[in-house]
Amino acid sequence: MGDQRRSSIRVEQVQKSYAGRMVVDVDELVLGDVPIEGLLGPNGAGKTTLMRMVMNSVSPDAGRITLNSSDGSTTTLSSLPTHKMAHHGVVKSTQVITDFDQLTILDSMLLAVATTGHEFPVRPGAERSLMSANEDEIRSYLERFGFADATAIAMSAGEKKLLDILRCLLLKPSILLLDEPTAGLPDEVTAKVLEVIRELAADGTSVVIVEHDLDVIWELCDEVTFMAEGRVLMKDDPASIRANATVIEKYLGAGHG
Ligand SMILES: Nc1ncnc2c1ncn2[C@@H]1O[C@H](COP(=O)(O)OP(=O)(O)O)[C@@H](O)[C@H]1O
Ligand SMILES: [Mg+2]
């Protein structure tokens with residue numbers, strides 16, 4: 001991997017307050033300059049708010065967030081609408097999944113790719129071949145994750161959550177933000193999700209992940225950014241973060257590590 005350029009996100013002087021209380025206050029942070037980056041910190045540290053500001057689904061009060069693409073171009077994300085993010089390769093898993101209720105599993109995946117995956121409107125007629133090319137990939141993911149019937153409608157919260165992750169993968173992001181992607185999923189599904197995350201990262205996607213299972217963080221991540229009370233306190237390799245006195249005091253507690 002060494003010399004390969006990856007897309008990364010630069011966060012500069014970004015602040016966000018709610019009701020007069022500062023919940024994110026980040027001077028300078030680069031996310032995604034390694035294959036898999038963990039974002040770690042206690043509840044309320046500002047991790048979700050920071051990810052939402054990257055997607056511009058929450059507007060920062062101050063500061064700038066830019067995407068440095070692997071092709072060398074730079075895009076100011078803080079002035080880009082959320083629905084344009086995927087066109088620039090920036091994709092985030094969502095927590096509230098709304099659009100899987102009416103469509104079959106296969107159709108909802110096809111729709112997700114067709115509506116968010118392309119920068120330009122697809123020519124009439126080209127749509128069908130695009131759809132069928134995607135369909136093969138979708139079917140292979142569905143099979144891998146044990147969806148026996150692609151014409152069924154997703155029922156459980158776990159199925160919807162997994163489909164949202166598959167939607168993200170199908171978009172072939174250059175940066176993928178995952179906010180607790182495996183929370184509530186059965187262990188065997190979690191293992192498969194982690195496996196595809198590794199594959200994606202090895203193929204050049206920069207993955208930024210918030211995950212409560214610390215064993216996952218230590219094992220999966222190349223680097224870890226530690227946040228508390230809205231601020232980035234350090235960014236280092238997992239072993240150093242795990243051994244750090246401040247991290248232990250603010251997050252891991254005695255007896256951990
Ligand atoms: N929409 C909101 N309105 C008011 N307070 C919020 C809102 N979103 C987040 N907060 C507050 O901001 C702080 C950081 O929250 P969050 O970013 O969700 O932290 P984390 O994801 O690290 O647990 C918390 O104190 C939370 O209560
Ligand atoms: Mg959160």
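**A helix, a sheet and ligand 1**

Helix α1 lies across three strands, β1, β2 and β4 (62-68), and runs at about 60° to β2. I start there, and I should say at once that this is a predicted model.

Now the sheet. It is open and has four strands, in the order β2-β1-β4-β5, with antiparallel pairing. At the edges are β2 (21-31) and β5 (74-76), each of which pairs on one side only. On average, and ignoring direction, neighbouring strands here are turned by 20° against each other. As a reminder, the strands of a sheet pair through backbone hydrogen bonds, and they can be parallel or antiparallel.

How many bridges join β1 to β2? Nine, with β1 covering residues 8-18 and the two strands running antiparallel. To pick out a pair, Ser17 has Met22 in β2 as its bridge partner.

Back to the helix, and to ligand 1. Which element gives the largest share of the shell around ligand 1? Helix α1, residues 47-54, with three residues. The residues surrounding the ligand are Tyr18, Val23, Gly41, Asn43, Gly44, Ala45, Gly46, Lys47, Thr48 and Thr49. Sorted by class, that shell has six polar residues, three nonpolar and one charged.

Last, the protein as a whole. There are eight helices and 10 strands. Of the 257 residues, 34% are buried. If we take the contacts between residues at least 6 apart in sequence, 68% of them join residues at least 24 apart.

To recap: α1 lies across β1, β2 and β4, and α1 also supplies three residues to the shell around ligand 1.

Technical notes:
Residues numbered from 1 in each chain as written. Chains lettered and ligands numbered in written order. Predicted model: local features only at pLDDT ≥ 70, side-chain atom pairs only at ≥ 80, totals over all residues. Near = placed C-beta within 6 Å. Nonpolar A, V, L, I, M, F, W, Y, C, P; charged D, E, K, R; others polar. Pairing = 2+ DSSP bridges. Axes fitted to C-alpha atoms, helices over the stretch in contact; angles between N-to-C directions. Contact = placed C-beta atoms within 7 Å. Buried ≥ 20, exposed ≤ 12 C-beta atoms within 10 Å, placed from the backbone.
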